[in-house]
Amino acid sequence: MMSTAYDVTETTRVKRLADRGAYDHETVHAILDEAALCHVSLVVDGRPRVLPTLHWRSGNRLYIHGNSKNGLFRAMRDGAEAAVAVTLMDGWVLARSAFHHSVNYRSVMAVGRFEEVTDPDELMAAYRAMMDKIHPGRWDQVRWPNEVELKQTSMMAMDLVEVSAKVRSGPPVDDAEDYALSVWAGIVPLEMVKGEPIEDTAPHPGQ
Ligand SMILES: Cc1cc2nc3c(=O)[nH]c(=O)nc-3n(C[C@H](O)[C@H](O)[C@H](O)COP(=O)(O)OP(=O)(O)OC[C@H]3O[C@@H](n4cnc5c(N)ncnc54)[C@H](O)[C@@H]3O)c2cc1C
């Protein structure tokens, strides 16, 4: 039977506030799919680096892409391990004390190695998945990348193996005596929403 959760390893075991940790595919994948971007970090030439970048997922594989000369991709090709963080902020948590202020969030962390995608079928499927995440159905509307564009771009994929999610939800948790304070407390919801599309009306050359 197919596993429906990622194995917990010593690296991915949530220790602080462990009850907020989750490893099931459903939770992890929903966060990865909803979040537009991730932060990828790795050590390059002995120094820590971080890259904010778009990501998307297909099954248990996480994709990122970018300029083929990207220094972090070079380190990945050389075998460097990467850590990925994906974050959704759902609300500010305003408590009655400064100490208990918090954030409602859903986040994912993954550790592993990215490899360059060279298989032509996987490559084109990955581009389709990226386009369709940006805007559903987009891949079937646009011009597909040509040879030069493909050469300028690296598609990198990581198999999701060491992965954890962490989720905080609900109201603030104050110290018992602080509930008597006359301080407003509650949640200020946060969400990223798509606005009304603004069409590019630039005339095309020769028009
Ligand atoms: C938007 C946001 C704001 C936050 N603000 C703060 C803050 O101000 N201060 C603060 O201390 N913490 C904050 N956190 C929580 C923070 O991400 C860590 O979970 C926390 O600091 C504990 O870190 P640790 O290294 O002790 O975790 P440990 O429990 O020791 O981490 C062990 C393993 O648990 C997993 N894990 C830990 N945290 C996460 C996570 N967030 N998502 C997915 N997997 C995780 C990883 O696999 C990690 O390797 C915030 C999280 C988010 C998403």
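Start by selecting Arg-77 in this predicted model. Arg-77 is partly exposed, with a relative accessible area of 37%. Now add Glu-116: the two side chains meet in a salt bridge, 2.5 Å from N to O. Glu-116 is partly exposed as well, at 30% relative accessible area. Color the elements they sit in and you'll see the pair linking distant parts of the chain, with Glu-116 in strand E8 (residues 114-116) and Arg-77 in helix H2 (residues 71-77), 39 residues apart.

Next, pick Arg-61 and Asp-159. They form a salt bridge too, and their closest N and O atoms are 2.9 Å apart. Arg-61 belongs to strand E5 (residues 61-67) and Asp-159 to strand E9 (residues 153-159), so this pair ties together parts 98 residues apart in sequence. Is each partner buried or exposed? Arg-61 is buried, with a relative accessible area of 13%, while Asp-159 is partly exposed at 43%. Keep both selected and add Glu-115 and Glu-122: salt bridges with shared partners join these residues, Arg-61 and Asp-159 into one network. The whole structure holds 12 salt bridges.

For another of these pairs, go to Glu-10 and Arg-13, where the closest N and O atoms are 3.4 Å apart. Glu-10 is exposed, with a relative accessible area of 53%, and Arg-13 is partly exposed at 40%.

Stay on Arg-13 and bring up the ligand. A polar backbone atom of Arg-13 is 3.5 Å from one of the ligand's oxygen atoms. Select Arg-16 next: a polar atom of its side chain lies 2.8 Å from a ligand oxygen. Then try Lys-166, where a side-chain N or O atom is 2.8 Å from an oxygen of the ligand. On its own the ligand has 860 Å² of accessible area, and the protein covers 60% of that.

Now show everything around the ligand. You should find 15 residues, the closest being Thr-11, Lys-15, Arg-16, Ser-107 and Lys-166. Color them by class and you get six nonpolar, five polar and four charged residues. Which strand gives the most to this shell? That's E7, with four residues.

Last stop: Thr-53, in strand E3 (residues 47-54). Thr-53 is buried, with a relative accessible area of 13%. Setting aside neighbours within four places in sequence, look for its contacts with Leu-37, Cys-38, Val-40, Ile-64 and His-65. Draw a line from the C-alpha of Thr-53 to that of Val-40: it spans 7.5 Å, though the two are 13 residues apart in sequence.

Terms used
Residues numbered from 1 in each chain as written. Predicted model: local features only at pLDDT ≥ 70, side-chain atom pairs only at ≥ 80, totals over all residues. Heavy atoms only, no water. Near = heavy atom within 4 Å. Polar contact = N/O pair within 3.5 Å; in protein donor to acceptor, adjacent residues only side chain to side chain. Areas by Shrake-Rupley, 256 points an atom, 1.4 Å probe, with all protein chains shown as cover. Helix = DSSP H or I, 4+ residues; strand = E, 2+ residues; numbered from the N terminus. Nonpolar A, V, L, I, M, F, W, Y, C, P; charged D, E, K, R; others polar. Buried < 20%, exposed > 50% of the residue type's maximum accessible area, 1.4 Å probe, protein only. Contact = heavy atoms within 4.5 Å. Salt bridge = Lys/Arg side-chain N within 4 Å of Asp/Glu carboxyl O.
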